[in-house]
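Me: I'm new to this structure and would like a close look at one part of it. Could you walk me through the strands and how they pair up, then add a little on what lies beyond them?

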Amino acid sequence: MPRATTSPEGGLLESVGRARRRGIALYARDAVLDVLVGAWIVVSCAIVATAATGRGDLARSIALIVVGGGAAGAWWFVRRGIRQRFGSAGPSGLRTTARTIARAGRHRTGTGHPIPRDLREELEAAVELATAPPLGAEALAAAYARRVAVRLSRNGLAPSDMLRVRGSLTRLRIVGVLVAAWALGATMPTMHEAARNVLEGIDARPPPPPEPLWTHLELHLAYPEHTGRTPRVLENPTGAFAAPAGTTVTLRLVPRTAPAAGAVAVAFEGAEALASEAATTTVLERTDDAWVGSFVLRGTGSATVVLFDDDGDALGRSAPIRFKLDPDRPPEVEFVDTAEDDGAAARADDVREVAFRARDDYGVATANLVYETKDGPPQRLPIPLERPGARRSTTVYRWDLSTIPVGERAELTYYVEVRDNDPGLGLDPLPDPPGKVARTPPRKLVVEDDDARHARNVASLAQIRDAAVDLLAERMMLAEDAPALAPEVAIGRLRTAFLHEEALLLDLAALVDAYAVDPIAAERRNRELAAIHARLRKLHEKEAKLQAKIPAEGPLPVDRAARQAPALLAHDRRMVPSLEDEVIRLDDLLDGEILERIEALLARLRATQRKIVDLLEQLAAGDTSVRPMLDDLMRRRREDLARLSQARAMLGREIDDEFLNEDALELLRQLEEEDTSRSPEAELERARRQLAELSGMHEAVQDRLGRDAGETSALSAEDRARMELLRALSRIEDRAEAAEASLREAKRAYRNAADMPAVSEADRNAMRDAARKLRARIDRVDDTELGRRGRAALLEAAELARRIEELADRKTTTVAEAYDAARALHDALGRARLGAEDGSPPARRLDGMRRTSGKLVERLEGGLPPAEQVLDPAKLEAVDEVAGQAQGVDREIRDLLDSRTADPLPEEGRRALRRALGELDGVHDAARERRIDEGIARARRATAEVRRAIDSLRRKSPPPPAGSRGEASTSAERDRSLRDLVMEALEGHDRERLGERVERYYEELLR
């Protein structure tokens, strides 16, 4: 039995007892915490498992079992651990505790330091002796216990401090991880739902699909027309299917039972804009062996089939048949010809080629070239697509910059805008219907309008002429009033006239500088202006020396004014005749500019009308794609007519209606009228008549200008020869174009009357093989050596080869379609060949490709029905007449080359005419053999060669100024008009007193 606690060894045993009680408490606390943390982990795992599987009921049961079993196991292990470490109550428990303290003392304890080994052994031995001392050794045991207790006291130790405290760092880490995981789960609705399912023991798995109502199900998908997809059939679908908006889905099912009625309920998702269409129901119709119903897919959603019995009760409901929308993405478009730099300047009469590549899921419907200025609204030019609705296409658009309105010719920003063929069959409306829009990155373009700049210079010249007339009237009035004026008053009026003359010289100098950089103005005009300015400046400098003797400010003494006035008035009298001569010269110069402008505008109107006739011919043949180009030309004609009206208004004061008589004005009035009620055939006939009248008006103006120049000897013999040659070449050009127009008319009649057969299988194989070879060889051509036009032609050839390959895959392709595509490919390769240098690798490749395309053209041409079997005798006779026309033009060119009229023609123009002769021979042969397409191509090339000859002549020497009459006019009408101008400038003065003098002066001038 232990001794009393008052004995020395009793104090040691009491300390060990306290240590035992503390150890048991700590061990039990740690066990409880471990159970709680374990339960937390089990619950977390149950929630995560429920979120993954939905089995909240199973997870809760498992969690309860694990937590309960863990708690029971923990209780058993705790009791077992306490018994092993601290024993039972009594001396044996103290001895067990002492051994536990001795073992724990080897590690860091509550003191933070290990206990020495001997002290641990002595503590265990002292407790052993104190609780069960040997008989007769009680005093020794007490002394030994006292010594151990003293030693512990000296070391600052107590038995309870010597027990090792279990570390809690790992437990804290686990708790921290659990807290972070629960904080993250608190932000997830899925975890909230899983926790609720675990708490309530809910099985959240989706219910198993009901047994299918059918033994067989088919979904027939009929895709919208714009997609170009073939219909598709899905048998017993198990998952969601995708289809574009507008797809008609037809269900055909064979039910397991025999229902009395059925329906399919369709529900779309995300249909806020069209809530009324978000759900639809279609009644199923019974056929012989199945039930059939259909709906239109407008968006993502599901369809559910419901079958009913005779009483209207539902026999069953199928699982939802899921479907989703196959999106139609916006189109893509990009520029191709990177050779065009941003900001590159262009002339207003240039034709700029804009190449772009477009692609779309189901097809590109339209394309527009959009340009806009800084202040103006966007302007759209429709671009005709070769294959509207194609999914991929490369297009080269020739942008005629002259169609840009005059007021908008400056720095432009342009881009290509395309729209796909999406009709907007989905629930969500299109943002900018019809179709979806895509644009290229914008580019900048500076359009330099030389014509507008020249028109401003002519207007400035008219203002200077009027200012010179006003100055002349002021000088004449001063000379008339000088005898009756006081000297100081006369000097004041002379100073005013001097200042007006100085302003006139400044404006004239600015105009000379403007004419120097005007590309349209003739150099001779600038020299004349400079000479007028020099003569007036010389007179002005003499008067400036006299004016310098007079004070610029303050009153002028009467005696000094009397001395200076005679010299100034004498100079003023000398100024009047010189100024009159310069006014006449300015007036002649202005009239020449205006007449030349009228002639140029008439020439441009004639060319525009010729293009309008060509497009109207295509429109009358049924080609509606030319309507946008026709509208552009109509707008261009209206602008030129407005300019012609302005020029005629400026000229009317001098020559009245000398150059534009009543018939000409009536024609211009008809050109301004646009009657859309006429049929294309009537409009074509009217346009042809107007073209002939315009040509006659233009030639009449040219002839009159030539006669005027000849009468006044202002034109040299070289200029007259040049004008005669230009007129002859213009007549040849018109006759070549007439032959081409006749052949085109015969071709349209041939195509409209012929029943074109389909291409044979052998020819389609030949087309396919040739197109594939040509596409592969085109890709190997180094287009950097072809130039800008050659590259554009090569791009067009590649697209045409792709077109021929598509035509070869269609069994319904006619011979005419295949032949036109092959000939267009052959011509495009020819244009690309013009950009290659002879002997270069690209030239050799292109020559080989042209041989291949030429063989294909010849092969397909053999499949066309002969013209004799299709055309009526009148059309065949018209074709034969073209052969005679070609021979006539041929003789006219040969006679021209052999005559002295062709002397001004440069060698380049002669070579062009010789090439035209070869083409005309080909026109003659093709017309005789009724090969209409070849005749059209050769006639077009012949016309182009004649135009090259005309251009070479114009580049060699610019045309002489129209209506120039030397330094002074000798025309009675001109001088009478100048007299009227001076009389108008004298408004407000005594015209009755001056009128007789002015009349006498001009009558003397006329004599």
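Reply: Here is a walk through the strands, followed by a short look at the helices.

A quick note before we start: this is a predicted model, where local features need pLDDT of at least 70 and side-chain atom pairs count only at pLDDT 80 or more, while totals for chains, interfaces and linings use all residues. Residues are numbered from 1 along each chain as its sequence is written, and side-chain values use heavy atoms, with hydrogens and water left out.

Let's begin with strand E18, residues 411-420 (helices, H or I with at least four residues, and strands, E with at least two, are DSSP runs numbered from the N terminus). Here 8 of the 10 residues are buried, so E18 is largely enclosed by the rest of the structure. Buried means under 20% relative accessible area, exposed means over 50%, and partly exposed is in between, using a 1.4 Å probe and protein chains only.

Now for the partners of E18; two strands pair if DSSP finds at least two bridges between them. Strand E15 is joined to E18 by 8 bridges, and the two run antiparallel. Asn-368 stands opposite Glu-417 of E18. Glu-417 also has a bridge partner in E19, namely Arg-439. That strand, E19 (residues 437-439), pairs with E18 over 3 bridges in the antiparallel sense. Strand E20 (residues 443-448) is antiparallel to E18 too, with 4 bridges joining them. There, Leu-445 in E20 sits opposite Leu-412.

From E15 we can step across to E17 by way of two rings. Tyr-371 lies in E15 (residues 364-372) and Trp-399 in E17, so their pair ties together parts that are 28 residues apart in sequence. The ring centres are 5.7 Å apart and the planes are at 35°, so this pair is tilted. Rings of Phe, Tyr and Trp (its six-membered ring) pair if their centres lie within 6.5 Å; planes under 30 degrees apart count as stacked, over 60 as edge-to-face and the rest as tilted. Tyr-371 counts as buried at 1% relative accessibility, and Trp-399 is buried as well, with a relative accessible area of 0%. The structure holds 7 aromatic pairs, and ring pairs also link Phe-241, Phe-268, Phe-295 and Phe-323 into a cluster.

E17 brings us to an open sheet of 3 strands, in the order E12-E14-E17 with antiparallel pairing. Its edge strands are E12 (332-335) and E17 (392-400), each pairing on one side only. Strand E14 (residues 351-359) is joined to E17 by 9 bridges, and these two run antiparallel. One bridge puts Val-354 together with Tyr-397 in E17.

Finally, a look at the helices. Helix H9 (residues 487-516) has 30 residues and should span 44 Å at 1.5 Å a residue; its end C-alpha atoms are 43 Å apart, which agrees. That expected span is 1.5 Å times one less than the number of residues. Among the buried residues of H9 are Ala-490, Ile-491, Leu-494 and Phe-498. Elsewhere, the largest nonpolar core has 52 residues, of which Met-767, Ile-804 and Leu-846 touch the most other members. Such a core is a set of buried Ala, Val, Leu, Ile, Met, Phe, Trp, Tyr and Cys residues joined through side-chain atoms within 4.5 Å. Helix H18 gives this core its largest share, 10 residues.
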